There are 2 protein chains.
Amino acid sequence: MSDQAIILFAHGARDPEWAVPFDIIQKQLQAARPEVQVELAFQDFMTPTLEAAAARVAARGARRIVLVPLFMAQGGHLKQDLPLLAGKIREQHPQLELQVTPAIGDAPEILQAITDWVLRSAS
Amino acid sequence: MSDQAIILFAHGARDPEWAVPFDIIQKQLQAARPEVQVELAFQDFMTPTLEAAAARVAARGARRIVLVPLFMAQGGHLKQDLPLLAGKIREQHPQLELQVTPAIGDAPEILQAITDWVLRSAS
């Protein structure tokens, strides 16, 4: 087990089916990197919270967390809520290195993959 | 100009920056298929609505609309709201053929692209 963890942070919803694509991504990542702790965390409606997920991976020995916002777009959740949550985690776990990646909607290769998929779906 | 239109349907938000990735996808699609009408539409907070976008492309001669939900996950918007909206559009424009694609979170190739991007971001 490495000392690295990946936390995938998603919005959450009341409908349990909502989490399915995020579960699939988590499983694909875990299969590709079996030595890394890969966890899901949610803003609302679903558990664990981001704080709980960070505490869990820290308790299991993580020293470095890469936090990936699985949000398509920039809004209040990413601009206001996420920096506050990241600040709390840094206070609670000062030994942890916490890196926050861009959101999926800020990644040109993801947008291109979506464009390509729409072109195939619409032809 | 073909008689086909693509409408990209997204959630919408109060923050104007929220629409940026969807604008990029729209522009990439329009560049790839200049003969097709490619429009954005929003569930909430932003305009046009899906009904207004459908009326616009129909007025410009579209006979076939491919409606692409740019939602990561299945929840109330896709399960309840979208079928109602699609039904309304079919009533208002009986001459139109309206095809609704899966959501981006239901496309295995999009989930794989996200997984691959996380692996690169987290290494």
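The contact between the two chains first: 36 residues of chain B are in contact with 36 residues of chain A. Please keep in mind that this is a predicted model.

Which elements of chain B supply the side that touches chain A? α1 (20–32), β3 (64–69) and α4 (108–121) of chain B each give at least two residues to that side. The largest share, eleven residues, is from α4(B). By residue type, the side of chain B that touches chain A has 24 nonpolar, nine polar and three charged residues.

Next, the symmetry. Chain B is superposed on chain A by a rotation of 180 degrees, with 0.0 Å of shift along the axis and an RMSD of 0.0 Å. The two copies are therefore related as by a two-fold rotation axis. In chain B, the C-alpha nearest that axis belongs to B:Ala113, at 3.4 Å. Both copies use the same surface, as 100% of the contact residues of chain B recur in chain A.

Now one pair of helices across the interface. The axes of α4(A), residues 108–121, and α1(B) come within 9 Å and cross at roughly 45 degrees, which means that α4(A) is oblique to α1(B). Is that crossing left-handed or right-handed? The crossing of α4(A) and α1(B) is right-handed.

As for the residues that meet there, α4(A) brings A:Leu111, A:Gln112, A:Ile114, A:Thr115, A:Val118 and A:Leu119. From α1(B) come B:Pro21, B:Ile24, B:Ile25, B:Gln28, B:Leu29 and B:Ala32. In this contact of α4(A) with α1(B), nine residues are nonpolar, three are polar and none is charged.

How values were computed
Residues are numbered from 1 along each chain as its sequence is written. Chains are lettered from A and ligands numbered from 1 in the order in which they are written. This is a predicted model: local features need pLDDT of at least 70, side-chain atom pairs count only at pLDDT 80 or more; totals for chains, interfaces and linings use all residues. Two residues are in contact if their C-beta atoms, placed from the backbone, lie within 7 Å. Helices (H or I, at least four residues) and strands (E, at least two) are DSSP runs, numbered from the N terminus. Ala, Val, Leu, Ile, Met, Phe, Trp, Tyr, Cys and Pro count as nonpolar, Asp, Glu, Lys and Arg as charged, and the others, Gly among them, as polar. Copies are superposed by least squares on the C-alpha atoms of residues with pLDDT of at least 70 in both. Axes are lines fitted to C-alpha atoms, for helices over the stretch in contact, and angles run from 0 to 180 degrees between N-to-C directions. Angles under 35 degrees count as roughly parallel, over 145 as roughly antiparallel, 65 to 115 as roughly perpendicular and the rest as oblique. A crossing is left-handed if the near helix is turned anticlockwise from the far one by less than a right angle, and right-handed if clockwise.
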